[in-house]
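Q: Could you give me a close look at one part of this model, and then work outward from there to its surroundings? I would like to know how the side chains are placed and what they touch.

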Amino acid sequence: MIGIHHAGIVVSDLDRSIAFYTDVLGLRLATEPSGPASGREVDTLLGLPGAVLRGVMLLVGEQELELLEFSAPVRTSDGPIPSHALGAQHVALRVADVRESREEIASRGGRFLGPVNVIDEGPFAGLRTTFLLDPDEVRIELVEVAYRRTEARERAISAYWRSRDEMPAP
């Protein structure tokens, strides 16, 4: 593996979501929105018979975020997957200053779930995070990396691998 190419989010209205992700979050288009894609190749690629979809790629720094709108098959739910459900995912966007970004996004209509969470203990020490909702109530995380405890993390990772080696076989 050499990196993450993109993350994808299924949306209910591609044009509305493009407006949110560009106007509210400040992302830029990497591609123009596609026309409807369908057919045997799409069905096979997605493992979803009868799929009809449109999509767009957005730039997040040098990475990309894909938005997909399916017009077929019929969705089995109109709500997002609960955050604790198996397979639930979220996209975390790295920002230089999470508080400043939160204020800017809120001023443009962004809906946040809570305040900035400051983490100074444990494996995620150094992160400042907050979550907001897109128009479909999909969770988007903003993350500031205030500092890294590289040596402490490396020691903890080594201890984890050692403890796994010492575990009895099932």
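A: One cut-off is needed at the start: a residue is called buried when its relative accessible area is under 20%, exposed when it is over 50%, and partly exposed in between. The model is predicted, and the close look below is centred on helix 3, after a short view of the whole chain.

The chain has four helices and ten strands, and from the N terminus on these elements follow the order β-α-β-β-α-β-β-β-α-β-β-β-β-α. Buried residues make up 29% of its 170 residues. Of the contacts with a separation of 6 or more, 53% are between residues 24 or more positions apart.

Helix 3 spans residues 98-107, and Val98, Ser101 and Ile105 are its buried residues named here. They lie on the same side of helix 3, because they cover an arc of only 65° around the axis. The general background is that an α-helix has 3.6 residues a turn, so residues three or four places apart point the same way. The face turned away from the buried side of helix 3 carries Glu103 and Ser107, which are exposed. What covers the buried residues includes helix 1 (14-24), strand 7 (111-112), strand 9 (127-133) and strand 10 (139-145). At the start of helix 3, a side-chain oxygen of Asp97 comes within 3.1 Å of the backbone nitrogen of Arg99, and just after helix 3, Gly109 has a positive phi of about 105°.

From strand 9, one of the elements that cover helix 3, Arg128 deserves attention. Arg128 is found in strand 9 and, at 12% relative accessibility, counts as buried. Leaving aside neighbours within four places in sequence, Arg128 is in contact with a set of residues that includes Val98, Val116, Asn117, Val118, Leu142 and Tyr147, and Val98 is itself one of the buried residues of helix 3. The charged side chain of Arg128 has a salt-bridge partner in Asp120, with the closest N and O atoms 2.9 Å apart; Asp120 is partly exposed at 29% relative accessibility. In addition, a polar atom of the Arg128 side chain lies 3.1 Å from the backbone oxygen of Ile119.

Helix 1, another of the elements that cover helix 3, brings in two further salt bridges. Arg16 pairs with Asp136, the closest N and O atoms being 2.8 Å apart. Arg16 lies in helix 1 and Asp136 in the loop between strand 9 and strand 10, so the pair ties together parts that are 120 residues apart in sequence. Asp136 is buried at 16% relative accessible area, whereas Arg16 is partly exposed at 37%. The same loop between strand 9 and strand 10 holds Glu137, a residue other than glycine whose phi is positive, near 65°, and which is partly exposed at 40% relative accessibility. As a general matter, most residues other than glycine have a negative phi.

The second pair is Asp15 with Arg54, where the closest N and O atoms are 3.6 Å apart. It links distant parts of the chain, since Asp15 is in helix 1 and Arg54 in strand 4 (residues 52-60), 39 residues apart. Asp15 is partly exposed at 46% relative accessibility, and Arg54 is partly exposed at 21%. Asp15 and Arg54 are linked with Glu69 in a network of salt bridges. Taking a salt bridge as a side-chain nitrogen of Lys or Arg within 4 Å of a carboxyl oxygen of Asp or Glu, the count comes to five.

Two further features complete the picture. A cis peptide bond, with omega of about -10°, joins Ala72 and Pro73, and Pro73 lies in the loop between strand 5 (63-72) and strand 6 (91-94). In helix 4 (residues 150-165) sits Trp161, which is partly exposed with a relative accessible area of 48%; together with Ile157 and Tyr160, Trp161 makes a nonpolar surface patch of about 340 Å². The chain as a whole exposes about 11,500 Å², of which carbon and sulfur atoms supply 55%.

How values were computed: Residues numbered from 1 in each chain as written. Predicted model: local features only at pLDDT ≥ 70, side-chain atom pairs only at ≥ 80, totals over all residues. Heavy atoms only, no water. Buried < 20%, exposed > 50% of the residue type's maximum accessible area, 1.4 Å probe, protein only. Helix = DSSP H or I, 4+ residues; strand = E, 2+ residues; numbered from the N terminus. Arc of directions from axis to C-beta. Contact = heavy atoms within 4.5 Å. Polar contact = N/O pair within 3.5 Å; in protein donor to acceptor, adjacent residues only side chain to side chain. Patch = residues over 30% accessible without salt bridge, like charges linked within 9 Å, V, L, I, M, F, W, Y side chains within 5 Å. Areas by Shrake-Rupley, 256 points an atom, 1.4 Å probe, with all protein chains shown as cover.
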